[in-house]
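Student: I am new to this structure and would like a close look at a single part. Please take me through the surface where protein and DNA meet, and then place that surface in the whole.

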Number of protein chains: 2
Amino acid sequence: MLTERQLLILKAIVDDYITNAEPVGSRSVSKRDEVSYSPATIRNEMSDLEELGFLEKPHSSAGRIPSQKGYRYYVDHLLSPSELTKGEMSDIQTVLDSRFNEFEQLIKQSAKVLSSLTSYTSIVLGPEVFESTLKQIQLIPISNNQAVAIIVTDTGHVENQTVQFPGDLKGEELEKVVNILNEKLRGVPLVQLQEKLSAEISSLLKRYVNQYESMIQMLGDVFHTHQSGKVFYGGKTNILAQPEFNNVERVRNILNIFEEDNLVSKLFRSEDRGLTIKIGEENRFEPFDECTIITATYSLDGKHMGTVGILGPTRMEYPRVISIMDYLSKDMTKILTAWHQKK
Amino acid sequence: MLTERQLLILKAIVDDYITNAEPVGSRSVSKRDEVSYSPATIRNEMSDLEELGFLEKPHSSAGRIPSQKGYRYYVDHLLSPSELTKGEMSDIQTVLDSRFNEFEQLIKQSAKVLSSLTSYTSIVLGPEVFESTLKQIQLIPISNNQAVAIIVTDTGHVENQTVQFPGDLKGEELEKVVNILNEKLRGVPLVQLQEKLSAEISSLLKRYVNQYESMIQMLGDVFHTHQSGKVFYGGKTNILAQPEFNNVERVRNILNIFEEDNLVSKLFRSEDRGLTIKIGEENRFEPFDECTIITATYSLDGKHMGTVGILGPTRMEYPRVISIMDYLSKDMTKILTAWHQKK
DNA sequence: GTTAGCACTCTTCATCAGCGAGTGCTAAAT
DNA sequence: ATTTAGCACTCGCTGATGAAGAGTGCTAAC
């Protein structure tokens with residue numbers, strides 16, 4: 001168990017390092033207002049904290065920097081959540097309050113505010129389909145071999161997509177198909193659409209539609225595409241401004257990850273509801289060994305919808321970011337709910 | 001006017017520098033097979049070429065590197081276009097031949113091949129709306145205040161978008177609106193939709209629809225969004241692998257540009273049809289002072305559709321990239337045409 | 001228990017010499 | 001008149017050296 005004084009010093013060191021990005025020496029800790037001990041005393045404590053694994057020395061005559069364990073302890077027990085300033089709150093408010101037509105717009109905006117407020121990179125995962133169910137499906141023919149498929153979920157999310165279309169389908173046939181689909185699939189979770197399709201629908205369609213194979217194929221395409229949620233980014237290059245990423249190789253590794261939405265989606269999707277903080281190797285993904293990821297979830301009617309995330313260096317401004325994320329995710333939930341009810 | 005020998009040497013230097021990214025000395029030029037002069041002779045010529053502005057010295061005891069003018073001359077008069085290898089051609093073929101439902105898929109694929117073949121960053125501009133006209137517009141109500149707007153162009157391009165919708169609109173009213181729109185706007189270039197809307201349509205709608213203001217607003221939204229073509233990227237981080245961009249600050253400036261599709265769209269949209277090469281400051285955009293942009297256009301029925309572009313260092317593998325771009329853009333045109341006719 | 005003092009460690013920065021690559025000039029060779 | 005060999009010179013790069021500075025860890029005094 002750490003003593004009061006050790007806590008004080010650990011906190012001071014983390015706070016200092018977070019703002020200055022440089023190893024913290026005993027003297028600068030001692031100079032802090034909240035610390036009233038001499039450098040020598042601090043040195044002894046620092047030595048103990050190092051032995052306990054909370055601090056590290058880059059080399060013998062530098063100051064100390066927090067270890068991953070140190071950050072973890074700081075986050076769990078030490079940090080004093082910072083109040084959002086009026087400006088920050090109103091920034092979030094204005095951006096989110098602006099009228100939006102689509103789910104996606106809200107999400108894009110969120111990603112933008114988040115990155116600009118934190119100056120880290122923000123990742124926002126769009127509605128995750130696991131829990132949402134189909135409310136309505138539509139097929140609108142556009143030319144003689146194209147149609148737009150529209151899917152509406154119970155959460156009010158709309159997806160649309162252009163697809164190849166069996167050439168010579170009569171209007172009444174199409175109507176029949178759409179009717180069947182709506183009848184059989186309404187209320188089905190999106191993730192199960194695919195299997196329902198092959199299990200129940202395909203035989204039914206066979207009876208009514210000539211081109212039934214290409215029809216099935218097309219529907220398969222449609223359902224498949226909506227399996228993975230979309231990913232939105234804010235400030236992709238913000239991370240380059242951090243001194244710890246002053247190295248093109250390392251930066252490239254990280255930026256490359258952003259090119260693969262699937263991967264990002266997997267990495268940032270959080271299983272837990274609420275706020276999650278993963279520090280360094282806790283991410284279990286080597287390129288992020290020196291990064292912290294903070295995620296929060298937003299929801300609708302208590303139903304989990306998606307995740308907002310921040311990627312920054314382990315030396316992250318935890319108090320501020322946590323407050324902002326908390327505020328933002330709750331606000332998104334609120335606005336989403338209001339928006340949904342309006343309909 | 002340059003002598004034969006000067007041409008030979010200039011070409012040799014550019015070729016060498018392109019592959020090795022290091023200042024080229026007289027000795028290494030002399031060692032080339034196609035060059036049969038001693039280093040001393042080469043040195044004299046190099047000195048002349050420098051005086052003429054085709055070469056530069058990073059410092060007095062380094063070799064020479066091509067100046068912007070040198071690259072320009074090389075591109076205009078010297079380069080021997082490289083034959084595509086079988087592998088490259090089939091790479092392009094396979095990727096583009098794969099079934100695609102939408103315009104966008106073709107374009108995304110193109111961006112991907114292009115960047116992976118060249119290992120530079122590719123930018124592909126989607127259909128530019130300037131020349132395409134409206135073929136059909138549809139409004140599909142989804143909930144009591146949402147609709148999906150679908151726009152089909154004469155080139156077979158489909159765009160769709162979810163929009164806010166005047167709450168209590170009767171089915172017949174909606175139908176009326178859609179009919180008016182189609183009647184009045186068919187054949188109108190997309191860029192003019194907006195003005196046509198306010199000039200002619202709005203008064204007409206006023207007569208038939210109650211919620212006419214919000215209707216107009218919504219249509220304005222829809223038409224506005226489709227003004228600017230979409231931008232697709234491939235290999236955004238490829239540029240980081242180039243030795244001349246081994247500097248986080250510079251890289252950041254460039255990557256930031258990619259975050260603003262509007263800007264990119266402006267920079268890469270080429271006024272000329274066919275292949276265009278802009279070297280360094282010819283781009284008239286400071287962050288690209290050390291970059292070359294090569295663009296080519298693809299079309300449909302002789303009608304200009306969009307642009308494929310490559311961003312790399314001025315030290316670019318011109319012969320290869322040019323061949324690839326040429327081949328790809330022509331192939332895109334071919335496939336697009338085939339696809340369009342199929343319908 | 002706390003702190004002052006001090007020797008010790010290690011990085012950083014500037015300086016300097018030596019090396020090597022490359023040039024530019026001159027004089028010789030073709 | 002060209003071309004080339006030879007050589008002095010330039011300049012960046014590398015590695016060694018040393019002084020400065022920041023910080024530690026230990027000891028002894030408070």
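Tutor: What follows goes through the two DNA strands in turn, then the relation between the two protein chains, and last the cavities. Keep in mind that this is a predicted model.

Start with DNA strand C. The protein residues around this strand number 20. The closest of them come from both chains: A:Thr41, A:Ser60 and A:Ser61 on one side of the list, B:Ser26 and B:Lys57 on the other. Of the strand C atoms that lie within 4 Å of the protein, 72% belong to sugar and phosphate. Even so, bases take part in polar contacts. A base oxygen of DNA strand C is 2.7 Å from a polar side-chain atom of A:Ser61. From chain B, B:Arg43 places a polar side-chain atom 2.9 Å from a base nitrogen of the strand. B:Ala62 makes its contact through the backbone: one of its polar backbone atoms lies 3.4 Å from a sugar or linking oxygen of strand C.

Two helices give two or more residues each to this surface, namely α3 of chain A and α3 of chain B. With four residues, α3(A) is the element that gives the most. Sorted by class, the surface near DNA strand C has 11 polar residues, five charged ones and four nonpolar ones.

Now turn to DNA strand D. Here 21 residues surround the strand, and the nearest are A:Ser26, A:Lys57, B:Thr41, B:Ser60 and B:Ser61. Sugar and phosphate make up 74% of the strand D atoms found within 4 Å of the protein. The polar contacts can be taken one at a time. The side chain of B:Thr41 has an N or O atom 2.6 Å from a phosphate oxygen of DNA strand D. For B:Ser60, a polar side-chain atom is 3.4 Å from a sugar or linking oxygen of this strand. A:Ser61 uses its backbone instead, with an N or O atom 3.2 Å from a sugar or linking oxygen of DNA strand D. This residue, A:Ser61, is the one whose side chain contacts a base oxygen of DNA strand C.

The surface near DNA strand D again draws at least two residues from each of two helices, α3 (39-51) of chain A and α3 (39-51) of chain B. This time α3(B) contributes the most, four residues. By class, this surface holds 12 polar, five charged and four nonpolar residues.

How are the two protein chains placed relative to one another? A turn of 180° with a shift of 0.1 Å along the axis lays chain A on chain B with an RMSD of 0.1 Å. The two copies are therefore related as by a two-fold rotation axis. In chain A, A:Val248 has the C-alpha nearest this axis, at 3.0 Å. The chains meet through the same surface, because 100% of the interface residues of chain A are interface residues in chain B too.

Finally, the cavities. There are five of 30 Å³ or more in the structure. The second largest encloses about 70 Å³. Its lining is made of Lys236, Thr237, Leu255 and Glu259 from chain A and Lys236, Thr237, Leu255 and Glu259 from chain B. Four of these lining residues are charged, two are polar and two are nonpolar.

Technical notes:
Residues are numbered from 1 along each chain as its sequence is written. Chains are lettered from A and ligands numbered from 1 in the order in which they are written. This is a predicted model: local features need pLDDT of at least 70, side-chain atom pairs count only at pLDDT 80 or more; totals for chains, interfaces and linings use all residues. Side-chain values use heavy atoms; hydrogens and water are left out. On a 1 Å grid over the protein atoms alone, a cavity is a set of points where a 1.4 Å probe fits but cannot get out, and a pocket is an open set with protein on both sides within 12 Å along at least five of seven lines; lining residues have an atom within 4 Å of a point. Grid points are joined across faces, edges and corners, and a volume is the space filled by probe spheres set on the points. Ala, Val, Leu, Ile, Met, Phe, Trp, Tyr, Cys and Pro count as nonpolar, Asp, Glu, Lys and Arg as charged, and the others, Gly among them, as polar. A residue is near a molecule or strand if one of its heavy atoms lies within 4 Å of it. A polar contact is a pair of N or O atoms within 3.5 Å; within protein, one must be able to donate a hydrogen and the other to accept it, and residues adjacent in sequence count only if both atoms are side-chain atoms. Copies are superposed by least squares on the C-alpha atoms of residues with pLDDT of at least 70 in both. Contact means heavy atoms within 4.5 Å.
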